Amino acid sequence: MTDDVTGAAGAWQQWHEQRTASVSEPYGPLALTGTYWLDDYPEGKLPAIPGQWRADGDQVVLTAAPEDGLTRDGQPLTGEVRLTADAQVGLGERRLVAIVREGLWAVRDFDPQSAPRRAFRGIEATAHDPRWTVQGRFTPYGTSRTVRVENADGKERGLGLGGELAFSLEGQDFTLQVAVQEDGSLWAVFADATSGDGTFRFRFLRPAAPDAEGRTGVDFNRAVLPPCAFADHFVCPFPPPGNTLPVKIEAGERNLVAPTSV
C-alpha cells in the first residue's frame with residue numbers, strides 16, 4: 001500500500017469515527033422523536049408538547065404558561081414569543097425546534113433519551129477503497145432548477161438543483177444532478193444498484209466546492225446515510241430523475257448496525 005493510499009485510508013477512518021460520534025450526539029438525528037406540522041393541529045396543541053403553537057407568516061407564535069415548563073436560553077418561558085426557523089425551545093432535556101418547508105411550519109422534538117439513540121450500535125460502512133475516489137467536473141445550469149420529488153414522509157416537495165457533476169467509474173461515464181450549497185460545496189441525493197439491497201434506499205454525497213474550471217473530487221467512500229435512516233421523522237428528498245446509477249457503489253455508509261439481540 002502506497003503512502004498516499006495509507007494516508008487516505010487513515011483520513012477516511014478518522015472521518016468515519018467523527019461521523020459516528022456526530023450522529024449519536026444528544027441532539028443528533030437519532031434523538032428526533034417527532035415532526036409536527038402546525039397545519040395538522042389547527043387548535044395549536046401538539047402531541048405531548050405543552051404550550052399553544054401557531055404559524056403566523058414567516059414566524060411561529062408560541063404562547064406558554066408557567067406550568068408548561070418551557071424554557072428559552074435556559075430561562076423560563078411565559079407569555080407569547082415569536083420563533084424564526086431553527087429557533088429552539090427547551091422542555092427538560094428535550095429540545096423543540098421550529099422548521100419551515102415551502103412555507104409550512106413544523107416543530108421537531110429532540111429527546112436524548114429516544115429509543116433509537118439508546119439502541120444505536122454504529123454505522124455499517126465499507127472500508128476505504130481508492131477506486132471509488134475519482135475526479136469530477138461540475139457544469140452549472142444557466143439558471144437554478146427546482147424539481148418535484150417524493151420525500152421520506154410520502155409528500156412531494158421541491159428540490160433545488162444547480163448543475164450536473166460528471167465523472168467516470170471503471171471506464172463508464174455518469175452524471176448526477178447536484179445542488180450548490182451556500183459555501184460552494186455540492187450536494188447530491190443518489191441511489192445505485194445496491195440501494196435497498198445491501199445499502200439504505202438512497203444516500204447523500206457532498207463533494208467539495210469546484211475550482212474555477214469546475215473540477216472537484218467525487219469520493220463515494222464518503223457517501224452518507226440521509227437523516228431519515230436514523231429517525232422516521234425526517235423529510236429527506238428521494239433522488240431526482242437521473243440520479244439512480246445503474247452500477248453497484250459498494251462504498252461508504254451502508255446501513256445502521258443492527259441492535260444486539262437480548
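This is a short walk through a predicted model, one selection at a time.

**The whole chain**

Start with everything shown as a cartoon. You are looking at 262 residues, and 44% of them are buried. The secondary structure comes to 2 helices and 17 strands. Line the view up with the principal axes and the C-alpha atoms fill a box of roughly 65 × 50 × 30 Å. As for how the chain folds back on itself, take the contacts between residues at least 6 apart in sequence: 59% of those join residues at least 24 apart.

**The open sheet**

Next, colour strands 1, 9, 8, 7, 4 and 5. These 6 strands make an open sheet, and reading across it the order is 1-9-8-7-4-5 with antiparallel pairing. Which strands sit at the edges? They are strand 1 and strand 5 (75-76), each of which pairs on one side only.

Zoom in on the strand 5 end. Its antiparallel partner is strand 4 (residues 70-72), and 2 bridges hold the pairing. To see one of them, select Arg72 and Gln75: Gln75, in strand 5, is the bridge partner of Arg72.

While strands 8 and 9 are coloured, click on Glu102 in the loop between them. Glu102 isn't a glycine, yet its phi is positive, at about 50°. For another case, go to Ala48, in the loop between strand 1 and strand 2 (52-56). Ala48 is not a glycine either, and has a positive phi of about 60°. Is Ala48 buried or exposed? Turn on the surface and look: Ala48 is exposed, with a relative accessible area of 65%.

**Two hairpins in a row**

Now select strands 11, 12 and 13. Strand 11 and strand 12 run antiparallel and are joined by 11 bridges. Pick Arg148 and then Gly158, its bridge partner in strand 12. The two strands form a hairpin with 5 residues between them, and in that turn Gly154 has a positive phi of about 90°.

Carry on along strand 12 into the next hairpin. Here strand 12 meets strand 13 (residues 172-180), again antiparallel, over 7 bridges. Phe167 has Phe174, in strand 13, as its bridge partner. How many residues lie between strand 12 and strand 13? There are 2, and Glu170 in the turn has a positive phi of about 50°.

**The largest pocket**

Switch on a surface and look for the largest pocket, which holds about 760 Å³ of space. Its lining takes in 27 residues; Arg101, Arg108, Trp187, Val235 and Pro237 lie nearest the centre, so to speak the ones to show as sticks. Strands you have already visited turn up again: strand 8, strand 9, strand 11 and strand 12 each give two or more residues to this lining.

**The nonpolar cores**

Hide the surface and show Phe202, Phe204 and Phe230. In the largest nonpolar core, which has 35 residues, these three touch the most other members. Several elements supply at least two residues each, including helix 1 (3-23), strand 10 (123-126) and strand 14 (186-190). Which element gives the largest share? That is helix 1, with 3 residues.

Stay on Phe202 and display what surrounds it. Beyond its neighbours within four places in sequence, its contacts include Val189, Phe190, Cys228, Cys236 and Phe238, along with the prolines Pro226, Pro237 and Pro239. Apart from this core lies another one, of 20 residues; Trp132, Leu165, Val218 and Ala223 are among them.

**Two buried polar stops**

Go back to helix 1 and select Arg19. Arg19 counts as buried because its relative accessible area is 17%, under the 20% cut-off. Its side chain reaches the backbone oxygen of Leu225 at 3.0 Å. Other residues in contact with Arg19 include Ile123, Val224, Phe230 and Glu253.

Finish at Thr194, in the loop between strand 14 and strand 15 (203-205). Thr194 is buried too, with a relative accessible area of 5%. Show its side chain together with that of Thr199, and you will find a polar contact of 2.9 Å joining the two. Leaving aside neighbours within four places in sequence, Thr194 also has contacts with Arg203, Lys248, Ile249 and Glu250.

Conventions. Residues are numbered from 1 along each chain as its sequence is written. This is a predicted model: local features need pLDDT of at least 70, side-chain atom pairs count only at pLDDT 80 or more; totals for chains, interfaces and linings use all residues. Side-chain values use heavy atoms; hydrogens and water are left out. A nonpolar core is a set of buried Ala, Val, Leu, Ile, Met, Phe, Trp, Tyr and Cys residues joined through side-chain atoms within 4.5 Å. Buried means under 20% relative accessible area, exposed over 50%, partly exposed in between (1.4 Å probe, protein chains only). Helices (H or I, at least four residues) and strands (E, at least two) are DSSP runs, numbered from the N terminus. Contact means heavy atoms within 4.5 Å. A polar contact is a pair of N or O atoms within 3.5 Å; within protein, one must be able to donate a hydrogen and the other to accept it, and residues adjacent in sequence count only if both atoms are side-chain atoms. Two strands pair if DSSP finds at least two bridges between them. On a 1 Å grid over the protein atoms alone, a cavity is a set of points where a 1.4 Å probe fits but cannot get out, and a pocket is an open set with protein on both sides within 12 Å along at least five of seven lines; lining residues have an atom within 4 Å of a point. Grid points are joined across faces, edges and corners, and a volume is the space filled by probe spheres set on the points.
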